Amino acid sequence: MTVAVGGWRRSIFLAASALLPAIASTDAASQQASIVGTWEWTRKVNDCSEQYIFRDNGTVSVKSGGDRTESTYLMSWAPEPNGRYRLTMTTVEDSGGPGCMDNTNERADRGRIVYVLFGPSRETMILCNSLAGADCIGPLKKNAR
C-alpha cells in the first residue's frame with residue numbers, strides 16, 4: 001500500500017513538473033510585445049504621416065506620404081543584448097511615389113533590416129536602421145482600431 005501511495009504522489013509530481021515549462025512559456029508569450037496591428041507616426045520636419053499595418057500572416061503594408069509598399073516581414077523574437085528586435089522586411093510591391101523621407105527610389109524585391117524597440121507599454125515602438133540605434137524613426141503609436 002505504501003508503494004501505491006508513493007507511486008500516486010510521484011505521478012502527480014511528474015505531471016505537474018511536465019506542465020510547468022508549458023505554463024512558463026505561455027506566460028512568456030503573453031508578456032511578449034506584438035508587432036501585429038496598425039502603427040502610425042508623423043515626421044515633424046515635414047508633417048508627413050506614415051502608417052504600418054503588420055498582419056499576423058507575415059505581410060505589412062506601408063503608407064509613407066505618397067508612397068505605398070507591400071512587403072513580407074520576419075521578426076526575430078530573441079532580443080539583441082540592447083533589447084531591440086531584428087525585423088527583416090522584403091518589399092514585393094512599391095508605388096514609387098514620394099515618401100516621408102523625401103526619396104522616390106523604387107525598393108521592389110529589396111530586403112531591409114531594421115531594429116525595433118518597444119516602449120514599456122508595448123503601445124509604442126521606434127524603428128532604427130542600426131543595432132546601435134542610429135537613424136531611428138518614431139515613436140510609432142499602435143492604433144486601437
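Reader: What pattern does the protein follow when read along the sequence?

Author: In this predicted model, the order along the sequence is α-β-β-β-β-β-β-β-β. That corresponds to one helix and eight strands.

Reader: Thanks! How many disulfides does the structure hold?

Author: There are two disulfides. Cys48 is joined to Cys100, and Cys128 is joined to Cys136.

Reader: What makes the link of Cys48 to Cys100 a disulfide?

Author: The S to S distance is 2.1 Å. A pair of cysteine sulfur atoms within 2.5 Å is a disulfide, so this pair qualifies. The chain positions of the two partners are worth a look too: Cys48 sits in strand E2 (residues 48-54), while Cys100 lies in the loop between strand E5 (85-94) and strand E6 (111-118). The two cysteines are 52 residues apart, and the pair links distant parts of the chain.

Reader: And what makes Cys128 and Cys136 a disulfide?

Author: Happily, the reasoning repeats: the S to S distance here is 2.0 Å, and the cut-off is within 2.5 Å, so this pair is a disulfide as well.

Reader: Why is the disulfide of Cys128 and Cys136 called right-handed?

Author: The torsion about its S-S bond is about 100 degrees, so the disulfide is right-handed. For the link of Cys48 and Cys100, the value about the S-S bond is -75 degrees, and that link is left-handed.

Reader: How are the bonded cysteines paired in sequence order?

Author: Numbered in sequence order, the bonded cysteines pair as 1-2, 3-4.

Reader: Why is Cys48 called buried?

Author: Cys48 has a relative accessible area of 13%. Buried means under 20%, so Cys48 counts as buried. Its partner Cys100 is at 0% relative accessibility, so Cys100 is buried by that cut-off too.

Reader: Which label do Cys128 and Cys136 get, buried or partly exposed?

Author: Cys128 has 0% relative accessibility and is buried. Cys136 is at 31%. Partly exposed covers values between the 20% and 50% cut-offs, so Cys136 is partly exposed.

Reader: What share of the residues in the protein is buried?

Author: Buried residues make up 30% of the 145 residues.

Reader: What is the accessible surface of the protein?

Author: The accessible surface comes to about 9100 Å². Carbon and sulfur atoms account for 57% of that surface.

Reader: One last thing: what share of contacts joins residues at least 24 apart?

Author: Among contacts between residues at least 6 apart in sequence, 43% join residues at least 24 apart.

Terms used: Residues are numbered from 1 along each chain as its sequence is written. This is a predicted model: local features need pLDDT of at least 70, side-chain atom pairs count only at pLDDT 80 or more; totals for chains, interfaces and linings use all residues. Side-chain values use heavy atoms; hydrogens and water are left out. Helices (H or I, at least four residues) and strands (E, at least two) are DSSP runs, numbered from the N terminus. Buried means under 20% relative accessible area, exposed over 50%, partly exposed in between (1.4 Å probe, protein chains only). Contact means heavy atoms within 4.5 Å. Accessible areas come from the Shrake-Rupley method with a 1.4 Å probe; for residues, only the protein chains shown count as cover.
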